[in-house]
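Trainee: Please take me closely through one part of this model, and then relate that part to the chain as a whole.

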Amino acid sequence: MCDRRTEKDFAKTARELKASGSFYHVSYDTARPFCKAAAVKFVPCAHIYRDGGLLQTLPLGPKAWPAFAARIKEVAVGS
């Protein structure tokens, strides 16, 4: 479960980059089988997929947000 600030930042980033990809919020508590199938190893985290494969897994939270935001923007522009 993310803190409120991270949830707001995630929603804002999803709106800004919606033309570049899809963003989903998944609750580990309610979607445990899906999370296990997706190999979620820690929460909160973000999985970044490209071309049908897992590109990177990053932690989410206030301290980790800058690294996630920079990486997702790199991926969105095709870096």
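Mentor: The protein chain carries 13 positive and 7 negative side chains, where Lys and Arg count as positive, Asp and Glu as negative, and His and the chain ends are not counted. The centres of these two sets lie 2 Å apart, each charge being placed at NZ of Lys, CZ of Arg, CG of Asp or CD of Glu. The model is predicted, so local features need pLDDT of at least 70 and side-chain atom pairs pLDDT 80 or more, whereas totals for chains, interfaces and linings use all residues. Residues are numbered from 1 along each chain as its sequence is written, and side-chain values use heavy atoms, without hydrogens and water.

The part to examine closely is the hairpin. Strand 1 (residues 45-50) and strand 2 (residues 53-59) run antiparallel and are joined by six bridges; two strands pair if DSSP finds at least two bridges between them. Within this pairing, Ala46 of strand 1 stands opposite Leu58 of strand 2. Two residues lie between the strands, and in this hairpin Asp51 takes a positive phi near 55°.

In the wider chain, these two strands are accompanied by three helices, the order along the sequence being α-α-β-β-α. Helices are DSSP runs of H or I with at least four residues, and strands are runs of E with at least two. The radius of gyration is 12 Å, close to the 12 Å that the globule rule gives for 79 residues, so the chain is as compact as a globular protein of that length. That radius is taken over C-alpha atoms, and the rule is 2.2 Å times the number of residues to the power 0.38. Along its principal axes, the C-alpha trace spans about 30 × 30 × 20 Å.
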